[in-house]
Amino acid sequence: MKRHTHLLVAAACTAALTLTACSASDDALSGTGAAAGNTGAAADGPTVDGGTLKIGLDRPFAKLDPADGTLIQMPMMVLANALYDPLMVNGDNGTVQPYLAKSFTPNADATVWTLDLREGVTFSDGKPLDAQAVADHVTRLAKPESKCACALDAAAIGSTTVTGPTTVAFTLKAPDAAFPNLFTRSLGYVSEAPSGDSPAVGSGPYTVESVQPGVSVTLTRNPAYWGAKGHADKLVYRVLPDADSRYQSLRSGDTDLIWTETPSQLKQAAADGLRTATGPGSTSTVLFNTKAAPFDDVRVRRAVQYAINRKALEKVVFLGQGSVADGPIGSRSPYRTAAGYPAHDPAKSRALLAEAGHPDLAFEYLVDSRPEAQQRATVLQQMLGEAGIRMTVKPLDNAGLGTAMLQRKFQVMDFITSMFGDTDTALSSLYLPNSPYNFMSWSDPEAQKAITEGRASTDPAKRSAAYGQAAARVVGEAPMVFLTENTVGFLGTAKVGGLPDLSRRTVLNVSPATLWVKR
């Protein structure tokens, strides 16, 4: 399942959509300053070089290669960014900016994009990272044998042409004004093809010293790095999948930095003397199978929508650490508009069910085994019960839940994703009828027209208006119910310096090279 996102260029950088004026500095992979809920750079003092930074990962990885979907998920990008520089990088409020790229420029109708690279960049083995290397990388990941989810993104490319030592032209099969968004992760982490089980070679600030896939990896500073050198001499990553154990390793000092999505940990962090770098990185929703009765009837879907008190749900499940979600355009999106989400109204819910001929609605709700998911399902069950709806909770392991979703073998299911961090990708991936990620099997001609027009428009105002129309259709037709925007991110010990302000980010993309260990 594609849980990652790619972000769009903000209006400030979209004069003719030429991505040059907002070229990223090294800060683009970290963020600067501090904000509420982010106890970061303002209190850090001077930078410190040397030492070892110990990082706890929340999930295992199969291999060190941008083709591996695990490596480019938000909690793992703190590892990916050490080895592979991105062509484009996520910024505040739904922006993307050039990083290894100097510019990424479209023609008049956004069907041809020209990528101009920084000069003099090399892979860690000394080979040049030039235009041909970019073309070879994109071609490799586009092949089915790469098993990269990004192959679907690459399928939008009709042809790739090297037009100079540092210049590549991409001719698209259809206009796409958000094309640079696709180069913030797998397609943008330019690497040499791995040999056997060896890691793919990148151009990042660190190189691999040793690795045990699924267990640990140790990186050492790249002495030939083209940019600002990493502060720590070494980075040691350990896979710690249990959230409680990972948090305790941080408290004990066995680990310096961890990723968390656990509300109780976020709330407890300050009392435990920990530092935070967090943002609204995921959204909790409910998916309906719109091809299966009774949820092929919009009145039944809207009845469930009306029965849920999102504010109460957020307080109980997320302990006030998140916020209410009200549609497919997230709170930090440059296209943010009011989607007209309906208020909690159990009486309206009962009336719609009676009108639809389902006054005694009952269904099975699929959910994974995580405590937060189980608690969310229990609260939803109680709320729906107040509207006369009987919901049976059915827990599944991740594999079973993924299979049910991909094969559309469900009535209703829990769905938490980071995809809404990128409005362009979320709308076209989740709501177009031909998309493999339209898990709801939902088809709406008005939404399809608006999304297609928005994606093709190089005018930010026109795109925003089109996306607003699509969002209104999504909310009104309710193929999914929106619940909460969830705060996620990093916790660090008091000795970690350089923790970024991620409060305005929709993709929490951090480079460990910008962090240091106080002595």
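How many bridges join β14 to strand β16? Two bridges join these strands, which run parallel, with β16 covering residues 412-417. The model described here is predicted. This briefing covers the strand pairings around β14, an open sheet of four strands, and the packing of helix α6 with helix α13.

**Strands around β14**
- Strand β14 (residues 362-367) pairs with strand β15 (residues 390-395) in the parallel sense, over six bridges.
- Within this pairing, phenylalanine 363 is placed opposite methionine 391 of β15.
- Tyrosine 365 has valine 412 in β16 as its bridge partner.
- A right-handed β-α-β unit is formed by β14, helix α9 (residues 371-386) and β15.

**The open four-stranded sheet**
- The strand order is β4-β5-β7-β6, and the pairing is antiparallel.
- The edges are held by β4 (101-106) and β6 (157-164); each has a single partner strand, so one side of each lacks a neighbour in the sheet.
- On average, neighbouring strands of this sheet are turned by 20° against each other, direction ignored.
- Six bridges link β6 to strand β7 (residues 167-172) in the antiparallel sense, and threonine 160 has phenylalanine 170 in β7 as its bridge partner.
- Helix α2 (residues 131-142) lies across β5 (112-117), β6 and β7, and runs at about 165° to β6.

**Packing of α6 with α13**
- Helix α6 (residues 298-307) packs against helix α13 (residues 460-477) at an angle of about 90°, and their axes are 8 Å apart.
- Helix α6 is therefore roughly perpendicular to α13.
- Val298, Arg301, Arg302 and Gln305 of α6 make the contact with Val475, Gly476 and Glu477 of α13.
- By class, this contact comprises two nonpolar, two polar and three charged residues.

Key
Residues numbered from 1 in each chain as written. Predicted model: local features only at pLDDT ≥ 70, side-chain atom pairs only at ≥ 80, totals over all residues. Heavy atoms only, no water. Axes fitted to C-alpha atoms, helices over the stretch in contact; angles between N-to-C directions. Parallel < 35°, antiparallel > 145°, perpendicular 65-115°, else oblique. Contact = heavy atoms within 4.5 Å. Nonpolar A, V, L, I, M, F, W, Y, C, P; charged D, E, K, R; others polar. Pairing = 2+ DSSP bridges. Right-handed = clockwise from strand over helix to strand, strands pointing away.
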